[in-house]
2 protein chains.
Amino acid sequence: MSILLKNCDWIVTQNASREILRNCSVYVEDGRIVEIGGKITCEADRVLNCEKKVLMPGLINTHTHLSMTLFRGYADDMPLQEWLTTKIWPLESKLTGQLCYQGALLGCLEMIRTGTTCFLDMYYFLENIVEAVKKTGIRAFLSHAIIDLFDAGSRDKHQKATQESINFIETLGDPKIGFAIAPHAPYTCSEESLLWAREVAERENALIHIHIAEMRSEQAEFEKKHGLREVEYLDKIGFLCPRVVSAHSVWLTKREVQLLGEKGVKVSHCPVSNMKLALGGVAPLPEMFESKVTVSLGTDGAASNNCLDMFDTMKFCALLHKAHRWDPTVLPAQKVLDLATVEGAKALGIEERVGSIEEGKDADLILIDLKSPNLMPIHGKDTVVSDIVYSAKGLNVATSMINGQILVEDGVFQKLDEEEIYREVEKAALDFAGQPR
Amino acid sequence: MSILLKNCDWIVTQNASREILRNCSVYVEDGRIVEIGGKITCEADRVLNCEKKVLMPGLINTHTHLSMTLFRGYADDMPLQEWLTTKIWPLESKLTGQLCYQGALLGCLEMIRTGTTCFLDMYYFLENIVEAVKKTGIRAFLSHAIIDLFDAGSRDKHQKATQESINFIETLGDPKIGFAIAPHAPYTCSEESLLWAREVAERENALIHIHIAEMRSEQAEFEKKHGLREVEYLDKIGFLCPRVVSAHSVWLTKREVQLLGEKGVKVSHCPVSNMKLALGGVAPLPEMFESKVTVSLGTDGAASNNCLDMFDTMKFCALLHKAHRWDPTVLPAQKVLDLATVEGAKALGIEERVGSIEEGKDADLILIDLKSPNLMPIHGKDTVVSDIVYSAKGLNVATSMINGQILVEDGVFQKLDEEEIYREVEKAALDFAGQPR
């Protein structure tokens, strides 16, 4: 199967020189980008007219709890502990594999529709999430959340579940679906679980997905208990390494940021969730850049966002740091787009395959339709990236292609019955958590 | 002409008890809401099936510089003074009436498409802006920006232009188009101009549109010069009154907030612009509420936002204050929606006519299409407002009705040739400010 993306108004390549091409085309064959240029002569099975469109790499979301999309809007504007204990945990205790499937399916739809082509997830009922991922065609790294709460029985149970999830995904052999080992956080996992995760990740050549330093109280209590801050402790036990993707990472000292840099740890910054949960502080991105930490972007779950739209996250990211530092030059648009594409790919260790539009890479591509009043005018090459970060919305994405497969075209899912999915999802959500209507 | 909005899944009325109706309909005749109920038997010229849709009042944007939509993305990520002196002011010096028309037309399209039905503007070439407003059918209050820089000649020129703009709009006699008197700011206008504006507003029964305390340096320099802070000074000269809509109002002391409350001044809070320009501080909304200040929401111009989407502004507003106060309960979703609807109407003095869905009010209504993955599921009556504020996007608006006229249906402008407008706007923008392509 070959596809010609013909005469794109602009191509935001995100290649090493951040080249932006005008009136060029991209030829895709068997899932790969084969040729980029002004005049492509290859015959293609399908030709997409890309006039008045921007072609760019699909966005990469490095922190989600996808099945929680089912909880969207269920409980907002509450203090964290009350939110967790009276709303989220009681709901989660009722979760089933089928519900996780429905939530994940909805989440995949939202991401694909709004231009995300790859994500890193942490949750439960992994086999059901795989089913949703396969059905929709998105690229994913999935993980089973290990929360042992320092209990040996729980630890063994989670190790077993993690091993089963690894076996399950390895048996699938789907090049688009990978796994991660996911000790939930240093304050919810025993040292044994953390080190077990580290060891399995090494053996399996896998990512480690963890929450670090999301809350101020979390760090304070951790320090009281261990005499060390979270990152210092993780360094001391030998946990930190380039496989680690650390979500949130807000409440860090400069020394902790330096440690993340020295050990090659990647960060998934989740500005919308952090702001909405109002846990205080702002992740120290400028210091992370200084310490050469790879920073990527995540939405977190829809319960604390409340959507999975990476365009939203890009704009919040840019504006949050400008406002926080009183500096409009901190995190310019190009840098933010980098976090959502090439840096996201680096965080997941797949920068050789995705994150930019370059010959030989996998075709994870999106087209933004410029025929929308919020995307007029485009002044020229120097402003396209600003227009993407500050003006474009996920719903401006017309076409989403993953691994050379067109999943959405002109805003419409090509192989899925969207309305049927909505009916099923709605029914599941209401049976599960609905109010009397 | 009568229209029946039939079987809306939800109606977010924004009436005094903030009622949310399930499976109800609204009957509109000659621009007015005539009946709201579960079973409406009136025959209508048109029936819109509103299943799987939320009906809500159109949003009210109380601070724009609409023609600057032409500058969208032209210059970003720059310090304010450099941005103004090297980019914005040189562009503005080249503006013509025709360019202001094109910019305003584009801005109107974006607002209507994304659910805004009324706005308050401040700019130049008002007659050309009126042309765009009339062509699109939006409700507007327009004003000529008075910047006299303490020069008597300039003052006279601006007074003349203001008077002409008043005459022009009064002669139109269009019930949807009003005017405001707009001394730009206390630091750019002489006391004579400020008091002249106050007097004319009183005589003409009009709004006053002004910027107050946007920047820290502005307040510091003002205090150095006058021995008083901006609001104190405006109070002293007798400027403050319920006609005043004060944009930004970030850098205020508690005493200044109290003065705004005592004098009945309305505020237009512009969170996206404030964050993007990185001028520091956060407008003290909780203190404003305490002092009974009417607070509404504005996007500011597209040069500093970069879009005119009030859904964007609602989410930024909610999250900015939560993050700033470390308090997820500050500015709950319902309060934010109030700012964008009923409080916006109050700020513009039209709360008897718009801002909520009530019998007898003008039909400024929007329908949100729930068949989008970011709007599933709706758990019930208690979560609809959260879903609107935290999850919905302007582009989820399917239908926009202003004064009983359907301007957009299923995302498509009904009486405008969108593509032709884009071609013209793009040509104008590129001739004016474009880069070589």
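# Chat about a two-chain model

User: Hi! Which domains does the assignment give for chain A?
Analyst: Hello! The domain assignment splits chain A into domain 1 (2-58 + 361-413) and domain 2 (59-347). Keep in mind that this is a predicted model.

User: Good to know. How far apart do the C-alpha centres of the two domains of chain A lie?
Analyst: The C-alpha centres of domain 1 and domain 2 of chain A are 29 Å apart. Their contact draws on 22 residues from domain 1 of chain A and 26 residues from domain 2 of chain A.

User: Which elements of domain 1 of chain A supply the side that touches domain 2 of chain A?
Analyst: Helix 14 (384-391), strand 16 (397-402) and strand 17 (405-409) of chain A each bring at least two residues to that side. Helix 14 of chain A gives the most, with five residues.

User: And what's that side of domain 1 made of, by class?
Analyst: On the side of domain 1 of chain A that touches domain 2 of chain A, there are twelve nonpolar, seven polar and three charged residues.

User: Switching topic: what confidence scores does the model have?
Analyst: The ipTM is 0.98 and the pTM is 0.98. For chain A, the average pLDDT is 96, and 99% of the residues score at least 70.

User: Nice. How many helices and strands are in chain A?
Analyst: Chain A has 15 helices and 18 strands. Its radius of gyration is 21 Å, close to the 22 Å that the globule rule gives for 437 residues, so chain A is as compact as a globular protein of that length.

User: What box do the C-alpha atoms of chain A fill?
Analyst: Roughly 65 × 45 × 45 Å for the C-alpha atoms of chain A, taken along the principal axes. As for burial, 61% of the 437 residues of chain A count as buried.

User: What share of the contacts in chain A comes from residues 24 or more positions apart?
Analyst: Among contacts in chain A with a separation of 6 or more, 74% are between residues 24 or more positions apart.

User: I'm looking at helix 12 of chain A. Is it mostly covered or mostly open?
Analyst: Mostly covered: helix 12 (residues 333-340) of chain A has six of its eight residues buried. Those buried residues are Ala333(A), Val336(A), Leu337(A), Asp338(A), Leu339(A) and Ala340(A).

User: What covers them?
Analyst: The cover over the buried residues of helix 12 of chain A includes strand 6 (59-64), strand 14 (294-297), helix 11 (310-325), helix 13 (342-347) and helix 14 of chain A. Helix 14 of chain A came up earlier too, giving five residues to the side of domain 1 that touches domain 2.

User: Over to chain B. Where is Leu207(B), and why does it count as buried?
Analyst: Leu207(B) is in strand 11 (residues 207-212) of chain B. It counts as buried because it has 25 C-beta neighbours inside 10 Å, and the cut-off is 20 or more.

User: Which residues does Leu207(B) touch?
Analyst: Leaving out residues up to four places away in sequence, Leu207(B) touches Phe141(B), Ala180(B), Ala201(B), Arg243(B), Val245(B), Leu348(B) and Gly349(B).

User: Last topic: what rotation superposes chain B on chain A?
Analyst: A rotation of 180 degrees with 0.0 Å of shift along its axis, giving an RMSD of 0.0 Å. That is the relation of a two-fold axis.

User: Which residue of chain B comes closest to the rotation axis?
Analyst: Leu395(B) does, with its C-alpha at 3.3 Å.

User: And through what surface do the copies meet?
Analyst: The same surface, because 100% of the interface residues of chain B are also interface residues in chain A.

Conventions. Residues numbered from 1 in each chain as written. Chains lettered and ligands numbered in written order. Predicted model: local features only at pLDDT ≥ 70, side-chain atom pairs only at ≥ 80, totals over all residues. Helix = DSSP H or I, 4+ residues; strand = E, 2+ residues; numbered from the N terminus. Buried ≥ 20, exposed ≤ 12 C-beta atoms within 10 Å, placed from the backbone. Contact = placed C-beta atoms within 7 Å. pLDDT = per-residue confidence, 0-100. Domains from an automatic or database assignment. Nonpolar A, V, L, I, M, F, W, Y, C, P; charged D, E, K, R; others polar. Rg over C-alpha atoms; globule rule 2.2 N^0.38 Å. Least-squares fit on C-alpha atoms with pLDDT ≥ 70 in both.
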